[in-house]
Amino acid sequence: MKTISRLGLALLAATAFIHPLTAAPADSAELQALRDQVNALAQQIKVLSRQIEIKEEAATAAAATTPKITVSDKGVTLASQDGANSIKLRGLVQLDSRLFFGDGGGVNNNGFVLRRARIITEGTFAKNYSYQLVPEFGGSSVSILDANIGVTLDKSFQLKFGKFKSPVGLELLQSDSWTFFNERSIVTNLVPNRDLGVQASGDLLGGKLNYAAGIFGGVGDGGSSNNADFDNEKDLVARVLASPFKDAADSSLQGLSFGVSGSIGREKTAAGRTSGYKTDGQQTFFSYNSSVVSDGQVWRVSPQADYRNGSFGAIAEYVVSTVNVRPTATGAKKELQNKGWQLAAGYVLTGEDSSYNGVSPATNFNWEKGTWGAFEVTGRFANLKVDDAAFPLFASAATNADEASSFGAGLNWYLSKTVAFKFDYYQTHFGFNAAAPAVSGTQILRQDEKAFISRFQLAF
Amino acid sequence: MKFKTLLLSVLAVLAATAATAKTIELLNVSYDPTRELYVDYNKAFATYWKAKTGDDVVVKQSHGGSGKQARSVVDGLPADVVTLALAADVDALATNAHLIPADWQKRLPQNSAPYTSTIVFLVRKGNPKGIKDWDDLVKSGVSVITPNPKTSGGARWNYLAAWAYAKHKYGSDAAAQKFVGELYRNVPVLDSGARGSTVTFVQREIGDVAISWENEAFFALKEFGADKFEIVVPSISILAEPTVSVVDRVVKKKGTAEVAKAYLEYLYSDEGQDIAGRNYYRPRNPAIAAKYAANFPQLTLVTIDAEFGGWTKAQKTHFADGGVFDQIYAK
């Protein structure tokens, strides 16, 4: 463009030069030479303009097929121009520090834990086909956490195949990155985690009603599928969540969602229905005897609610988990019913909105600029009660608690949308069956669990 | 009972009609200057096909530089048929993507080239630079418009016509290369296709002469005024044979093989040939060619096979990466 400008100036100068010459007749050959020069310059300008035009046309044509690359706090996305095909890379790293107080000192439970380390690959093909692949490198072993394929027929009807979260627990369905606390509440012990299956889901009534229903292999309380389900028994799982005031902008109930979920099926497995119920500090306070097998109907039901209003957010859920078990493969069958609930809330001190999908700080932490990101305070009460009938045939009263009641308080510091420090204090009080000895056989159950868990998290 | 029978019969006929009549969509991926030709031809074919089968045919058109269009099809553009500027571009569908068989050119008469054209010069009215033959294009101060042979089929015909002239006149490939090199030094803008070059010359008023498809030169006269431009016919030019083919793998997948084949075959019909003649393409049918003879001056036309050993060899020698054109244009 600079070249064109220079040529344009030269053309103007030449034209200005010709004008007095025509006013005062001069040598005609010289005049013709100047005219030729002007024409040549005009032609050069046209050529340069056309070359730019051709380049722009080529760029426009190329843009139609050039993939879009987006790098943001939501990950790295490569997408076709029409957005129909995409691949998105995300990640999650959580490094935890666990400190336990007043537990007698006989338990090696203090330390650092790489709680989660995931590279998340997801995207779409032909607009309507989505996929997600999530390997987990955190913890003590590598595993495939999620691997699923989605087919979107309509907003109101989507199908998902593969391994993914079973739609029962409210807090469990929330992303690991954005829960109020570092660890989900003890009620999550009673709901299935990731399972193999097929699910239909969608939004109805303009998004005011969300449903999900599917057939899954069936996993025990708090458990995940190990990528194979060869038994003949399956679980039907369903959830409906209503947000009736979603469009009522002026209503304080706009952010209220409530619903119910449940599962029902039959299980006949060589193991009990849980590997153990864990405290907020991730220590096991209850597990079935190793000889216990599952045999018969299992069902769960969970009323649940989520509420958001500006900086305030809260969740509440109640779970009943029922299982038919035998103390041994040939022992008498017994139906056990374990129950739990939680109420958790958070308030963003810096004014940003509380959200099921995390807090987005208005400003990122920046030492030089004096901006601090966002701060959120959180609180929680929860309880889990094991069926009294579990003792002593199915679990030892001497080494297990039959109830855990916990409260937690936390402070979350969001340095940015992607980076956060989270500091939580949990205290859990244990209850015991009448047959339990005065002093529990398990060291960590002899006193309340007092745990301080801090986390440094990168999530994008 | 009679009324019931009648009603059922009517419903059955309606159902059968609804079940059989259908709309078929074809995509014709073509080169730059054939827009007008195929607008006319698609209408005629749709009428023909409707009368023959009862089905509606909607033909979508895609136009651009022939080489670029071929690459798009290789890359996945779902063309039912290609009607490209030269056989080498259609060959690319066989060699680079196995979309068509290697012997595709044998499937239709005249090596699958239902009409021909040649290369002429388009100059401004009055021919101010006195352009008469190829030699005038290499003179100092003459600005020549021709598209990029890397992307345009027409440009490759232009290049080879100039080469053939120089080789005939100066006696060697070396002399021809020097001549063509001098010619391209007079080219200020390389468009990606023939229609782009027409825009450059006619609408942007760049250049003294445009080397052009004969049909495109006539198009410029018709669209932009015979009082503004004139056609100059050189002493030697080349017989340009745009070729056509069904894209087998696409039509098999879409279930359009029958109609796609008929679409190309109909180009050889009297009506198809007449439409070609009306759009300034040289018809293959001698009777129809005679009807439009006045439009097409007689001149010496070399052929790609006789002069350059066929398109495969010409493509490799002149237009492949590192070929003669790259050597010329790099200078």
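Author: A residue is called buried under 20% relative accessible area, exposed over 50%, and partly exposed in between, with a 1.4 Å probe and protein chains only. The model is predicted, local features need pLDDT of at least 70, side-chain atom pairs count only at pLDDT 80 or more, and totals for chains, interfaces and linings use all residues. Residues are numbered from 1 along each chain as its sequence is written, chains are lettered from A and ligands numbered from 1 in the order in which they are written, and side-chain values use heavy atoms, without hydrogens and water.

Reader: Why does A:L114 count as partly exposed?

Author: The relative accessibility of A:L114 is 39%. Partly exposed is the class between 20% and 50%, so the residue falls into it.

Reader: Which nonpolar surface patch includes A:L114?

Author: A:L114 joins A:V93, A:L95, A:F112, A:F456, A:L458 and A:F460 in a patch of about 620 Å². Strands β3 (86-101), β4 (111-125) and β20 (449-459) of chain A each give two or more residues to this patch; A:L114 itself is found in β4. Patch members have over 30% relative accessible area and no salt bridge (a side-chain nitrogen of Lys or Arg within 4 Å of a carboxyl oxygen of Asp or Glu). Nonpolar side chains (Val, Leu, Ile, Met, Phe, Trp, Tyr) are joined within 5 Å, like charges within 9 Å. Accessible areas come from the Shrake-Rupley method with a 1.4 Å probe; for residues, only the protein chains shown count as cover.

Reader: How many aromatic pairs does the structure hold, and why is the pair of A:Y277 and A:F285 called tilted?

Author: There are 48 aromatic pairs over all chains. The ring centres of A:Y277 and A:F285 lie 6.4 Å apart and their planes meet at 45°. Rings of Phe, Tyr and Trp (its six-membered ring) pair if their centres lie within 6.5 Å; planes under 30 degrees apart are stacked, over 60 edge-to-face, and the rest tilted, which means that this pair is tilted. Both A:Y277 and A:F285 are buried.

Reader: What makes A:F365 and A:W372 a tilted pair, and are these residues buried or partly exposed?

Author: Their centres are 5.3 Å apart, with 50° between the planes; the pair therefore meets the distance limit and belongs to the tilted class. A:F365, at 28% relative accessible area, is partly exposed, and A:W372, at 42%, is partly exposed too. Both belong to one aromatic cluster, whose members include A:W367 and A:F456.

Reader: How do you know that a charge sits over the ring of A:W178?

Author: The charged end of A:K417 is 4.6 Å from the ring centre. The criterion is NZ of Lys or CZ of Arg within 6 Å of the ring centre and within 35 degrees of the ring normal.

Methods. Helix = DSSP H or I, 4+ residues; strand = E, 2+ residues; numbered from the N terminus.
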